[in-house]
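The following account leads from a single residue to the elements around it, and from there to the chain as a whole. The reader is invited to keep the model in view throughout.

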Amino acid sequence: MYSLLGNRVVQVLWRNSQSNFRTMATQTPARIAVAQMRSTNDKQHNFAQIQTITERAKAKDVQCCDFVGNHRDETLQLSEPLSGPTVQKYRTLAREQNVWLSFGGVHENERKHEDTESEQKVNDIYNTHILINNAGELVASYRKLHMFNVNTPEFKFRESETVRSGPALVPPVETPIGRIGLQICYDIRFAEASTILRKQGAEILTYPSAFAMSTGQAHWEVLLRARAIENQCFVIAAAQMGFHNKKRESYGHAMVVNPWGTILGEAGNQDLDVVIAELDLDKLQRVRANMPCFEHRRDDVYNLTTRVGLAYTNDSKATKKFLFGGIEIPPATIFYVSEHCFAFTNVRCVVPGHVLVSTKRVAARLPDLSPAEINDFFQTVCKVEKVAERLYVAASSTVTVQDGPDAGQTVFHVHCHVMPRHVGDFPENDQIYGELNRHDKQPEWPRRTVVEMAAEAARFRVEISRMGL
């Protein structure tokens, strides 16, 4: 079940079986309940509504939220970290009811804690979509990318005065009803994000929303159906309905759309409403097979790539492996991951800050890459160069690809060396190329420990976040 409260929504997704996710996704239609509600600044009232929705739907998957403040100061006051009491209550609800809960539009304050009196700032807050499994575990969180800053004849609104934009998309999450791509409200107007989620494997796109009356009447249905049709995905959009306070009214009309653009269910005009729909994943596969649009995309002319988030730290639960030249790269030394590439710190450095960018797919030379991989590779190199220069106070870099054995390539897996430069770091400027050619061939060249490389990777991650890359 998913649900939107205020700027958020609740929707419920239900399967009759608890067997393997992918088996369920290809055999039995997923029965979902999409909820519509009217949230206010009363968190207890909002929670009571969600309990009612959960009981009505008897669901095994849910998306909900916490509150809507009357004004900026109240939003700041009511915001909490994801470890705070509001999210904890919903984690308990998910565990006790044996359901998955998805909350869209949680006002997350990453720095606020009850035991501190430090002054809070608006830019500490994110508009966050979280996913909780039936064990009460927080399995994913997505911070809204696009800020609703508009000036129309009907109303003016600047979301960026209340919250800050998130840093990245989150890859689709495996759930009992299929792979879910997380978005929030205004994100629906940016088709590129939904297409990237589809390319990453999404079968369902979720948009917990609190659309204003005027924009809802004009665009709500057409945008939801467009995202479903162009991505050949189910779209689930729980919605806020009615007046939240004297100034704010939401359009409602929570909706489920199938990959052909057919509306499977739509909420009525009442504040608290639950709509039941079935997601037939077999139909999704038929639509994609009969009209294979994503196979027809012209990656040689255009393509979409994205950073899917900062790479791993020393998290022992990290299971995805990245290989470079057949050797597994320690996760803690990886500091950036894009759709086709990853960047990591180097075991032997020609200069301080010497790092590597490699493709995920093993390809020996640049011409072996697809257009999408080439685009992503060089975009990633440029981002890494900016960060390396910032960290090592450099205004120049040597950026080089040794493409083939006669060019000095010793690891036959496409990669790029990024090396921040300073005046006088070599007696002759181009001497760096000779050193680069020798550094992997000399056993006596100093090798760094994983601990040293991990510490540097951590600094890169922090700087990437600060720069918003």
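Ser338 lies in strand S22, which spans residues 334–338. The model is a predicted one, and in it Ser338 has a relative accessibility of 1%. Because this value is under the 20% limit, Ser338 counts as buried. Its side chain forms a polar contact, at 3.3 Å, with the side chain of Thr380.

Thr380 leads to helix H8, where it is one of the buried residues. H8 comprises 21 residues, 371–391. From its first C-alpha to its last, the helix reaches 31 Å, close to the 30 Å expected at 1.5 Å a residue. Just after H8, Val393 adopts a positive phi of about 50°.

Which residues of H8 are buried? They are Ala372, Glu373, Asp376, Phe377, Thr380, Val381, Val384, Val387, Ala388 and Glu389. An α-helix has 3.6 residues a turn, so residues three or four places apart point the same way. The buried set in H8 includes Asp376 and Phe377, then Thr380 and Val381, then Val384, and further along Val387 and Ala388.

Against what do the buried residues of H8 pack? Among strands, their partners are S22, S23, S24, S25 (396–400) and S26 (415–421). A helix, H10 (450–467), is also a partner.

Two of the strands that receive H8, S23 and S24, are joined by a loop that contains Arg348. S23 covers residues 341–345, and S24 covers residues 355–359. Is Arg348 buried or exposed? Its relative accessible area is 11%, and since the limit for burial is under 20%, Arg348 is buried. Although 88 residues separate Arg348 from Leu436 in sequence, their C-alpha atoms are 9.8 Å apart in space.

The nonpolar cores place H8 in a wider setting. The largest has 46 residues, and those with the most contacts inside it are Ile32, Trp220, Leu224 and Leu279. Apart from that core lies another, of 21 residues, whose members include Phe377, Val381, Ala388 and Val418. Phe377, Val381 and Ala388 are also among the buried residues of H8.

The view may now be widened to the chain. The protein chain contains 10 helices and 26 strands. Of its 469 residues, 54% are buried. Among contacts between residues at least 6 apart in sequence, 70% join residues at least 24 apart. The accessible surface amounts to about 20,800 Å², and carbon and sulfur atoms account for 50% of that area.

Definitions and conventions. Residues numbered from 1 in each chain as written. Predicted model: local features only at pLDDT ≥ 70, side-chain atom pairs only at ≥ 80, totals over all residues. Heavy atoms only, no water. Core = buried A, V, L, I, M, F, W, Y, C linked by side-chain atoms within 4.5 Å. Buried < 20%, exposed > 50% of the residue type's maximum accessible area, 1.4 Å probe, protein only. Helix = DSSP H or I, 4+ residues; strand = E, 2+ residues; numbered from the N terminus. Polar contact = N/O pair within 3.5 Å; in protein donor to acceptor, adjacent residues only side chain to side chain. Expected span 1.5 Å × (residues − 1). Contact = heavy atoms within 4.5 Å. Areas by Shrake-Rupley, 256 points an atom, 1.4 Å probe, with all protein chains shown as cover.
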